[in-house]
Amino acid sequence: MMKNNKIKVGQKLANPSKDDLYVHPYAKAALCVWQRLRPKTTYINMKFLDNFYRPPLRLVDGGDDAFYFFNDFQRVDQVLRFENDSDHPCLIIPESIKDVQQLAWMEVINLMFLKGIHHPDLFKALKCTAPQSVICQLMGVRQLTVKEYCHFAGISQSSYEYRQCKFALEDRVLGIPQSMSWLSGAP
């Protein structure tokens, strides 16, 4: 028999600004990985859409007029950079650390399916930074391995290894010494 949980979800229009919108502590690591690895995208101006047609921001009420976001990083980035002078629909939800972590890391996992992502860097970030139980649950695997990552991302393991080797070679070639005095032929 299931318990009848009463979840109180609030909905309102808010004008989140840099002063009262913060990243949730359990989403900080995911946001850092997402910001470092995401490909640059163009901005779609939703500023002129009616407030109720914009995608709502999911926020946790931190009290004292502070709100915490934990997912939809691209949308929050756009709101803070381009649309911080208008109201936005917000869902104020009760905090569930498990859900916050899953939604935050789902943003990072979704990078796998974008064009131009460097898969070896993303795999390394997931392996080193993310809570493994959350990543494995989201990807439906027992253990995060290169093979499982490639299967989930829909890429071949040889393509992954090629990108890894290519990056290592480019890094070695670009490692030119800072002092260029050897070019002049001076002793």
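**View 1. No disulfides in this predicted model.** Start with the cysteines: the structure holds zero disulfides. Cys90 is tucked away as a buried residue, with a relative accessible area of 1%. Cys150 is buried too, at a relative accessible area of 3%. Cys136 also counts among the buried residues, and Cys136 sits in helix α5.

**View 2. The whole protein, seven helices and five strands.** Reading from the N terminus, the elements go β-β-α-β-β-α-β-α-α-α-α-α. Of the 187 residues in the protein, 35% are buried. Take the contacts with a separation of 6 or more: 73% of them come from residues 24 or more positions apart.

**View 3. Helix α3 against helix α4.** Here the axes of α3 and α4 come within 11 Å and cross at roughly 160 degrees. Since angles over 145 degrees count as roughly antiparallel, that makes α3 roughly antiparallel to α4. On the α3 side, look for Trp105, Val108 and Ile109; they meet Leu122, Leu126 and Thr129 in α4. Sort the residues of this contact by type and you get five nonpolar, one polar and no charged.

**View 4. Helix α4 against helix α6.** Now α4 (residues 119-129) packs on α6 (residues 146-153), at an angle of about 120 degrees and with the axes 11 Å apart. That angle makes α4 oblique to α6. As for handedness, the crossing is right-handed. From α4 come His119, Leu122, Phe123 and Leu126, and from α6 come Val146, Tyr149 and Ala153. The tally for this contact is six nonpolar, one polar and no charged. Two of these α4 residues may look familiar from View 3: Leu122 and Leu126 also meet α3. On spacing, residues three or four places apart point the same way, because an α-helix has 3.6 residues a turn.

**View 5. Helix α5 and what covers it.** Which residues of α5 (residues 132-139) are buried? They are Val134, Ile135, Cys136 and Met139. The cover over these buried residues includes α3 (97-109), α4 and α6, so the helices of Views 3 and 4 turn up again here, as what covers α5 includes them. Just past the helix, α5 is followed by Gly140. Gly140 has a positive phi, near 70 degrees.

How values were computed:
Residues numbered from 1 in each chain as written. Predicted model: local features only at pLDDT ≥ 70, side-chain atom pairs only at ≥ 80, totals over all residues. Heavy atoms only, no water. Axes fitted to C-alpha atoms, helices over the stretch in contact; angles between N-to-C directions. Helix = DSSP H or I, 4+ residues; strand = E, 2+ residues; numbered from the N terminus. Parallel < 35°, antiparallel > 145°, perpendicular 65-115°, else oblique. Left-handed = near helix turned anticlockwise from the far one by under 90°. Contact = heavy atoms within 4.5 Å. Nonpolar A, V, L, I, M, F, W, Y, C, P; charged D, E, K, R; others polar. Buried < 20%, exposed > 50% of the residue type's maximum accessible area, 1.4 Å probe, protein only. Disulfide = S-S within 2.5 Å.
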